Amino acid sequence: GRSEAQPAGPATDRASGDGRGFRYLGQALGVFLVAEMAGELLLLDMHAAHERMLYDELMAGKVPSQELLVPVVYEPESAEEERWLEAHADALATAGFRLEREGSSWLLLSVPALLSGGKTGAAFELIRSRPEPSELLREAAATVACRSAVMDGDSLDERTARELIERALRLPDQRCPHGRPIWVRLGRDELYRAVRRLV
């Protein structure tokens, strides 16, 4: 017999929160993790799902900031951008991006720990977009989540892929921060009809 878990119960069992009862089938097209569960074929957009998980962690304040070994110098592109930075430096720090003025420049001193050293440009992307104060934390979390999530084409080992699926099954909001669904679910009847097989 199979060593992996068999599909468990009807599709509504997905909402039980235990994240079990699927059979992992592999990775497809560099984008999807494929699993079988309760008579459905599940195609998980791995980037969108991971992005949602990281976004939720950031919004819940579960991701610490990390000091940069070498601060990054940022030159505002306009007086308007300079004013925005002055007005929102505290809010940016709350979002994990600590900047301090030094002469006519700003120094980026820390970023959310999810960002690798090569991705500090996410801070400047956020500054250039100059979101409204009410949207700043959400925009910061969405930017960091997008830059930190697994990317299309990344190869995941089976353990990591299964963990990603399990966590995705437990997500209360199964859309990425930009509103895209993280799953495609195809039922047996739908697949049978697609190949004109009797249901």
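Helices (H or I, at least four residues) and strands (E, at least two) are DSSP runs, numbered from the N terminus. The exercises below concern a predicted model.

**Exercise 1. Locate S104 and decide whether it is buried or exposed.**

Solution.
- Step 1. The loop between β5 and β6 holds S104.
- Step 2. The relative accessibility of S104 is 55%. Exposed means over 50%, so S104 counts as exposed.
- Step 3. Leaving aside neighbours within four places in sequence, the contacts of S104 are E75, P76 and E82.
- Step 4. For one of these contacts, E82, the separation from S104 is 22 residues in sequence and 9.2 Å in space, C-alpha to C-alpha.

**Exercise 2. Describe helix α2: its span, its bend and what follows it.**

Solution.
- Step 1. Helix α2 covers residues 79-94, which makes 16 residues.
- Step 2. From first C-alpha to last, α2 reaches 23 Å, close to the 22 Å expected at 1.5 Å a residue.
- Step 3. At H88, α2 bends by about 60°.
- Step 4. After α2 comes G96, with a positive phi near 105°.

**Exercise 3. State which residues of α2 are buried, and which elements they pack against.**

Solution.
- Step 1. Buried means under 20% relative accessible area. The residues of α2 in this class are E81, E82, W84, L85, H88, A89 and L92.
- Step 2. A general rule helps in reading such a list: an α-helix has 3.6 residues a turn, so residues three or four places apart point the same way.
- Step 3. The partners of these buried residues are the strands β4 (65-74), β5 (98-102) and β6 (105-112), together with the helices α3 (121-129) and α4 (133-148).

**Exercise 4. Identify the residues that touch the most other members of the largest nonpolar core, and the elements that build this core.**

Solution.
- Step 1. The largest nonpolar core has 29 residues, of which L85, L92, F97, L99, L108 and I127 touch the most other members.
- Step 2. Two or more residues come from each of α1 (46-59), β4, α2, β6, α3 and α4.
- Step 3. The largest share of this core is that of α4, with six residues.
- Step 4. Not counting residues up to four places away in sequence, L92 touches W84, L85, F97, L99, L126, I127 and L136.
- Step 5. Another core, of 22 residues, lies apart from this one; M46, V150, I165 and C176 are among its members.

**Exercise 5. Describe the largest pocket and its lining.**

Solution.
- Step 1. The largest pocket encloses about 160 Å³ of space.
- Step 2. Its lining has 16 residues, and those closest to the centre are L58, V63, T94, A95 and G96.
- Step 3. Elements that contribute two or more residues to the lining are α1, α2 and α4.
- Step 4. The most is given by α4, with four residues.

**Exercise 6. Find where A38 and R130 lie, and give the phi of each.**

Solution.
- Step 1. Most residues other than glycine have a negative phi.
- Step 2. The phi of A38, a residue other than glycine, is positive, near 50°. A38 sits in the loop between β2 (32-37) and β3 (40-45).
- Step 3. A38 is partly exposed, because its relative accessible area is 21%.
- Step 4. R130 is not a glycine either, yet its phi is positive, about 40°. The loop between α3 and α4 contains R130.
- Step 5. With 27% relative accessibility, R130 counts as partly exposed.

Terms used. Residues are numbered from 1 along each chain as its sequence is written. This is a predicted model: local features need pLDDT of at least 70, side-chain atom pairs count only at pLDDT 80 or more; totals for chains, interfaces and linings use all residues. Side-chain values use heavy atoms; hydrogens and water are left out. The expected span of a helix is 1.5 Å times one less than its number of residues. The bend at a residue is the angle between axes fitted to the seven residues ending there and the seven starting there. Buried means under 20% relative accessible area, exposed over 50%, partly exposed in between (1.4 Å probe, protein chains only). Contact means heavy atoms within 4.5 Å. A nonpolar core is a set of buried Ala, Val, Leu, Ile, Met, Phe, Trp, Tyr and Cys residues joined through side-chain atoms within 4.5 Å. On a 1 Å grid over the protein atoms alone, a cavity is a set of points where a 1.4 Å probe fits but cannot get out, and a pocket is an open set with protein on both sides within 12 Å along at least five of seven lines; lining residues have an atom within 4 Å of a point. Grid points are joined across faces, edges and corners, and a volume is the space filled by probe spheres set on the points.
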